[in-house]
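Hello,

Here is the structure I promised to pass on to you. Please have a look at it, and then read my notes below.

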Amino acid sequence: MTEFTPLRSVLYMPSSNERALEKAKTLPCDGLILDLEDAVAPDAKVEARDKAVAAVKSGEYGRRTVTIRVNGIGTQWHDDDIVAASQAGPAAIVVPKVNSAAEVQQLVAAMEAAGAPEHTKLWAMVETPIAILDCLAIAQASPRLGAFVLGTNDLVKELYAEHVPGRAPILPSLHTALLAGRAAGIAVIDGVYNDVKNTEGFLAECEQGRQMGFDGKTLIHPGQVEGANNAFAPSAAAVEDARGLIEAFESSTGGVVTYKNKMVENLHVESAKRTLAIHEAITALAG
C-alpha cells in the first residue's frame, strides 16, 4: 500500500501575525500555508518573510505539512521570497497564479538555484482561465510539482461569475483541474469557503469537494478545520466495506467475486486500498 499524506485541511495563516503562527502549532489541521501574499500588507512583506522562514526552521509544527505561499511571479517580492523559502526548506512552496508549463519550469529552476532541498515541492495555484485551459501541461511540467491548489475566488472573479451554493458556474473548471491533477498523479486541493459563519454551507461544500475527488480543502479560519477533517476522511462504514471487499477478493479461489451482492473487480480493490491508506495515515496522525 502506497504511503499517503493527508491534506484534508490546509489552513492559510498570515505570516505577519506572530499570534497566528503560534496558534497554528496547536491546530489539528493537516497542512499550513504560511502566507506572504494576500494576507500580508505591502509594508509588512519583508518581516512576514522572515517570520515564515523562522517558523519553518523551528520544527515546532509537528506532523503538519508546512508550506510557504510566496508573492506572485512579476511582483517586487517574488524573487527574494523564492530564495528565502527555498533555503528554509518547507514541505512545499505555494505560488499564486501559475499560468503555464514554462512558468512551472522557471519556478523549479529558481528553487533549485536557491538550494531548495529535494523534499520541498512546488504547489501551483490554479486560479485563472488560461491556467484551467492549460492544466494538463502545467500538471506534467515537472516532477517537482506536488499539488494543484484551486484559487476559486480569483477564478470566479476572472470569469465574471458569481459565488452561488453548489458552485455551478465553476464546476467545469474544477473538474478540469481534477482531471489534469489525477492524470499527472499530484494532489488537488479545493479552494476556500468565504463565509466563515455559515457552517452548513461550508460543510456542504466540503462534501461536494470530497464527492468530486479533491484531497482536501484550503481554509481561511481555524473553525473550519474540524469540518474539513471529518468530511475528507473515510467514514467508519467506508473503512469496513473496504476491508471486507479486499478480504473477499483475496480469499477468492477463482470465478466471479462478489461482496454485498456486488461484483468486485481490480478497480474496486484499488479504490478500497486507497481508502484504507487514507484511513491508516489519518489514524497515525491522531496517534
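To begin with a small puzzle: is glutamate 127 buried or exposed? Glutamate 127 is buried, with a relative accessible area of 3% (buried means under 20% relative accessible area, exposed over 50%, and partly exposed in between, with a 1.4 Å probe and protein chains only).

Before going further, please note that this is a predicted model, in which local features need pLDDT of at least 70 and side-chain atom pairs count only at pLDDT 80 or more, while totals for chains, interfaces and linings use all residues. Residues are numbered from 1 along each chain as its sequence is written, and side-chain values use heavy atoms, with hydrogens and water left out.

Back to glutamate 127. This residue sits in the loop between β5 (121-126) and α5 (129-133); helices (H or I, at least four residues) and strands (E, at least two) are DSSP runs, numbered from the N terminus. Apart from neighbours within four places in sequence, glutamate 127 is in contact with Pro96, Lys97, Gly151, Asp154 and Leu155, where contact means heavy atoms within 4.5 Å.

One of those partners appears again in the UniProt record, which lists Glu127 and Asp154 under "binding site" in an unreviewed entry. The two span 28 residues in sequence, yet no two of their C-alpha atoms are more than 5.6 Å apart, so they gather at one spot. UniProt also places "domain: HpcH/HpaI aldolase/citrate lyase" (unreviewed entry) at residues 8-222. Such annotations may be inferred rather than shown by experiment; feature names are shortened, and positions follow the numbering used here. Residues 8-222 are 42% helix and 19% strand, and their end C-alpha atoms lie 13 Å apart.

Glycine 146 is another residue to look up. It lies in strand β6 (residues 145-150) and counts as partly exposed, at 22% relative accessibility. Not counting residues up to four places away in sequence, glycine 146 touches Lys121, Leu122, Trp123, Ile186 and Ala187.

Now for the whole protein. It has 12 helices and 10 strands, and buried residues make up 51% of its 287 residues. The C-alpha trace spans about 65 × 40 × 40 Å along its principal axes. Among contacts between residues at least 6 apart in sequence, 68% join residues at least 24 apart.

I hope these notes help you find your way around.

Best wishes
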